[in-house]
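Let's go through some labels that get attached to a model and ask what stands behind each one. Have a look at the sequence and structure first.

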Amino acid sequence: MKFIKKWSYGCAKYLSQQLNDNHEKRSIYYFGIQVIIGSIVKLAILLATAFILGILKETLVILLFFIIFRMTAGGYHMDTYGKCMVVSMCIFLLTGLFVHYTFMYCKYLNIYALTILNIVTFLIGLFCFYKWAPADTPNKPIKKKEKIRKLKRQSIIQLFITTAIVFILIYRNLYLYALAACMGTLVEIFNITPLGYSLYDKIISKTFFFIKKTVKNSQNH
């Protein structure tokens, strides 16, 4: 998104001038500030939309459990902030709507169903984190074996902790939050799998090609 790049460049330029740093340091500042501003903007838009749709609680829990694992397990990354924002909005809002309406209308949503879901989420997560975490990108591959083992271990430990938390939520009859927590975990698990990488590549390439083609045709007319 152009305005994020513009703000980031302006902040990086001002900071480097104040600190009397060279161009290389300014590039580092630019990247860091861009990540921060982009994350804030994306989060603000996501939560505002979730609030309007009446799924703020669900989305917050999904996002919380997603981020817990994202920091250690990694996962698919978009190559631009625009793509990241569009795809993230779709994933989290659709998942939030699923949780919201499942909780409202699914008569089979009870302590037994959620217990099974939590156990299944744990087993799937245990397999995927052991096999694929941390999932990196071609631009920023994780090469150090010690770091890989550390992040993998942290992901699995977090999985044990979050599974216990979900059991507590179920025990206290907080079914909405338990379901949202499981879905947030499953979204992140999917993001680190080869199937997730392949599906995102196909969806993004076809979707944004269609958008560019539509815009180009409209401009020609």
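Q: Which backbone atom does the side chain of threonine 95 reach?
A: In this predicted model, the side chain of threonine 95 comes to 2.6 Å from the backbone oxygen of isoleucine 91. The cut-off for a polar contact is 3.5 Å, and 2.6 Å is within that limit.

Q: Why is threonine 95 called buried?
A: Its relative accessible area is 11%, and buried means under 20%, so the label applies to threonine 95. This residue sits in helix α4. Leaving aside residues up to four places away in sequence, threonine 95 touches Ile62, Met183 and Val187.

Q: What makes tyrosine 76 and tyrosine 197 an edge-to-face pair?
A: Friendly reminder: a pair of aromatic rings is described by the distance of the centres and the angle of the planes. For tyrosine 76 and tyrosine 197 the centres are 5.3 Å apart, with 75° between the planes. Rings pair if their centres lie within 6.5 Å, and planes over 60 degrees apart count as edge-to-face, so both conditions are met by tyrosine 76 and tyrosine 197.

Q: Why does this pair tie together parts that are 121 residues apart in sequence?
A: Because tyrosine 76 lies in the loop between α3 (56-73) and α4 (81-105), while tyrosine 197 belongs to helix α8 (residues 194-220). Both tyrosines, 76 and 197, are buried.

Q: How do you know that phenylalanine 122 and phenylalanine 160 are edge-to-face?
A: Their ring centres are 5.0 Å apart and the planes make 75°; the limits are within 6.5 Å and over 60 degrees, so the name fits phenylalanine 122 and phenylalanine 160. Phenylalanine 122 is in helix α5 (residues 111-132) and phenylalanine 160 in helix α6 (residues 145-171), so the pair links parts 38 residues apart in sequence.

Q: Why is phenylalanine 122 buried, and why is phenylalanine 160 partly exposed?
A: Phenylalanine 122 has a relative accessible area of 15%, which is under 20%. Phenylalanine 160 has 47%, in between 20% and 50%, so it counts as partly exposed.

Q: How do you know that the buried residues of α5 line one face of the helix?
A: The buried residues are Leu114, Asn118, Thr121, Phe122, Gly125, Cys128 and Phe129. Seen down the axis of α5, they fall within an arc of 150°, so they line one face. Their cover includes α3, α6 and α7 (175-192). The face turned away from the buried side of α5 carries the exposed residues Tyr112, Ile116, Leu123, Phe127 and Tyr130.

Note on methods. Residues are numbered from 1 along each chain as its sequence is written. This is a predicted model: local features need pLDDT of at least 70, side-chain atom pairs count only at pLDDT 80 or more; totals for chains, interfaces and linings use all residues. Side-chain values use heavy atoms; hydrogens and water are left out. Rings of Phe, Tyr and Trp (its six-membered ring) pair if their centres lie within 6.5 Å; planes under 30 degrees apart count as stacked, over 60 as edge-to-face and the rest as tilted. Helices (H or I, at least four residues) and strands (E, at least two) are DSSP runs, numbered from the N terminus. Buried means under 20% relative accessible area, exposed over 50%, partly exposed in between (1.4 Å probe, protein chains only). The arc is that of the directions from the helix axis to the C-beta atoms. Contact means heavy atoms within 4.5 Å. A polar contact is a pair of N or O atoms within 3.5 Å; within protein, one must be able to donate a hydrogen and the other to accept it, and residues adjacent in sequence count only if both atoms are side-chain atoms.
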